[in-house]
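Visitor: I would like to learn how to read a model such as this one, feature by feature. Could you take me through it, beginning with the charged side chains?

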Amino acid sequence: MNKNKTLKAVVMLLVMVVLCGIAFTSKAALAEAKKVTVTSASGKVGDTVTVEIKAKSDLQLTDEGFLLKYDSKKLELTKYEKANVGAGMIEDNKVAEGYTLGYVFIDPAQVKAGTVLATLQFKILTGATGNVPLTLVCTSENDTTVATNNVTVVVPATEVKLDKTYVELPKVGDTATVTATVVPANSTDKVVWKSSDEKVATVKDGKITAVGGGFATITATAGNAVTSVTVMVPNPITGIKAPETLTIKVGEKKPVELQPIPANPTNVKEAIWETNNKDVVIVNEDDEIVGLKEGTATLTYKVTDMDGKVYTASTKVTVVKADEVKQPDKNTNSVGHKMGDLDVIMYSVIGVASLGAIATVAALKKRNLNK
């Protein structure tokens, strides 16, 4: 009896050791399998995208099998390539709802982190939207999930609409909110906001804050779709400034240096400058002062605000001799337009006039008023 009991005890012990060994082996194998991952991808319907099954850390492969599950109604597997990572057999096959990759080695294969075990290409099918799941399971461990990811179906924006085209903020610190609507409604593109001049206005998620006087353009961009809104923070003109004197050579050109005070005023109606001696100096259509012959002339600048108030400034221009400089025809300006007794260039408002606002002197559009 004692011998039988002893034999039973030995057998049970051996069974327990075997079972523990199997359990330990299975647990260790699963731990190694969980070191394998699948990458994400994104694209539009009709695009072909690439995903990889790869080692995210160093691991050991012995008899592991993997299955990458995906929705075959949304993704079509068009190509796959396997990698030989050690001496042994690698089996793979395409199935209705997935792709299998099996490894059987006589000796364990050591795989370094980052090693690509398989590369797969999928075509995104019509009807696919949002995130299409990719699930990697270990078939040798009861189909335990070891990694997940997605193929994101991108829907490009075709248009961005704003609920406002013009915003006036009466004083610094005031705010206004602009709402953007992306077309189509299921677009995956997100709206990105940007201000053309953060010294005038800033924007965050459509909320505009006045920082200083002037004009700014707030742009909303979603993918390749772009639209904008004009922001005005009142900044009334109080004067203009120009150099008292200027010396140029015959044939030389210098830009007009007229500065509104303050910079970037918002209530300018028009700006005019004129020369009292067109034989000596003219202003061409590129806003350049041109010396025609030796002598002096006075350039007078007049800026009118929206209330009709006129601000003036003047520059005395002296033209000196230059050697072998070809002189422009005194009867024409630089682009060939006939000049009258008084060379006058008037600036009129662009764009924002219909909104009851006016652009800065520097941003105004010019017209030549020749007699």
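Guide: Gladly, and please keep in mind throughout that this is a predicted model.

Visitor: How many salt bridges does a search of the whole structure find?

Guide: Side chains of opposite charge can pair when their charged atoms come close. In this structure the search returns seven salt bridges. One of them joins the side chains of Lys-79 and Glu-81, with 3.5 Å from N to O. Another joins Asp-163 and Lys-164 at 3.4 Å, N to O, and in a further one Lys-171 meets Asp-174 at 3.2 Å, again N to O.

Visitor: Are the partners Lys-171 and Asp-174 buried or exposed?

Guide: Lys-171 has a relative accessibility of 53% and counts as exposed, because the cut-off for that class is over 50%. Asp-174, at 18%, counts as buried, because it falls under 20%. For the pair of Lys-79 and Glu-81 the reading is partly exposed on either side, with a relative accessible area of 40% for Lys-79 and 45% for Glu-81. Lys-164, at 29%, and Asp-163, at 46%, are likewise counted as partly exposed.

Visitor: Glu-32 is another acidic residue I would like to place; in which helix is it found?

Guide: Glu-32 belongs to helix H1, which covers residues 2-33, and its relative accessible area of 18% makes it buried. Leaving aside residues up to four places away in sequence, Glu-32 touches Leu-59 and Gln-60. With Gln-60 the contact can be described further, since a polar atom of the Glu-32 side chain lies 2.6 Å from the backbone nitrogen of Gln-60.

Visitor: Let us turn to the nonpolar interior. Which residues of the largest nonpolar core touch the most other members?

Guide: That core has 34 residues, and the members that touch the most others are Leu-120, Phe-122 and Val-151. Strand S10, residues 116-124, is the element that gives the most to this core, contributing five residues. For Val-151, the contacts beyond four places in sequence include Ala-41, Val-49, Val-51, Leu-75 and Ile-124. A second core, separate from this one, has 23 residues, among them Val-256, Leu-258, Val-281 and Leu-299.

Visitor: How should I read a sheet, and which strands stand at the edges of the one that contains S28?

Guide: It helps to take the strand order, then the sense of pairing, then the edges. Here three strands form an open sheet, ordered S24-S28-S27 and paired antiparallel. The edges are strand S24 (253-255) and strand S27 (281-283); each has a single partner strand, so one side of each is left without a neighbour in the sheet. From one strand to the next the twist averages 25°. Between S24 and strand S28 (residues 288-291), which run antiparallel, there are three bridges, and Lys-254 has Ile-289 as its bridge partner in S28.

Visitor: What is the order of the open sheet of four strands?

Guide: Its order is S14-S21-S20-S17, and the pairing is mixed. Strand S14 (166-168) and strand S17 (192-195) are at the edges, each with a single partner strand, so that one side of each has no neighbour in the sheet. The average twist from one strand to the next is 20°. S17 pairs with strand S20 (residues 214-222) in the antiparallel sense over four bridges, and Trp-193 stands opposite Ala-220 in S20.

Visitor: A strand may also be read by its two faces; which residues make up the covered face of strand S30?

Guide: In S30, residues 310-320, the covered face consists of Tyr-311, Ala-313, Thr-315, Val-317 and Val-319, whereas the uncovered face holds Val-310, Thr-312, Ser-314, Lys-316, Thr-318 and Val-320. Strand S23 (residues 245-249) pairs with S30 in the parallel sense over five bridges, with Thr-245 opposite Lys-316. Strand S29 (residues 295-305) pairs with S30 in the antiparallel sense over 10 bridges, with Leu-299 opposite Thr-315.

Visitor: How many residues lie between the strands in the hairpin of S29 and S30?

Guide: There are four residues between the strands, and in this hairpin Gly-308 takes a positive phi near 90°.

Notes: Residues are numbered from 1 along each chain as its sequence is written. This is a predicted model: local features need pLDDT of at least 70, side-chain atom pairs count only at pLDDT 80 or more; totals for chains, interfaces and linings use all residues. Side-chain values use heavy atoms; hydrogens and water are left out. A salt bridge is a side-chain nitrogen of Lys or Arg within 4 Å of a carboxyl oxygen of Asp or Glu. Buried means under 20% relative accessible area, exposed over 50%, partly exposed in between (1.4 Å probe, protein chains only). A polar contact is a pair of N or O atoms within 3.5 Å; within protein, one must be able to donate a hydrogen and the other to accept it, and residues adjacent in sequence count only if both atoms are side-chain atoms. Contact means heavy atoms within 4.5 Å. A nonpolar core is a set of buried Ala, Val, Leu, Ile, Met, Phe, Trp, Tyr and Cys residues joined through side-chain atoms within 4.5 Å. Two strands pair if DSSP finds at least two bridges between them. Axes are lines fitted to C-alpha atoms, for helices over the stretch in contact, and angles run from 0 to 180 degrees between N-to-C directions.
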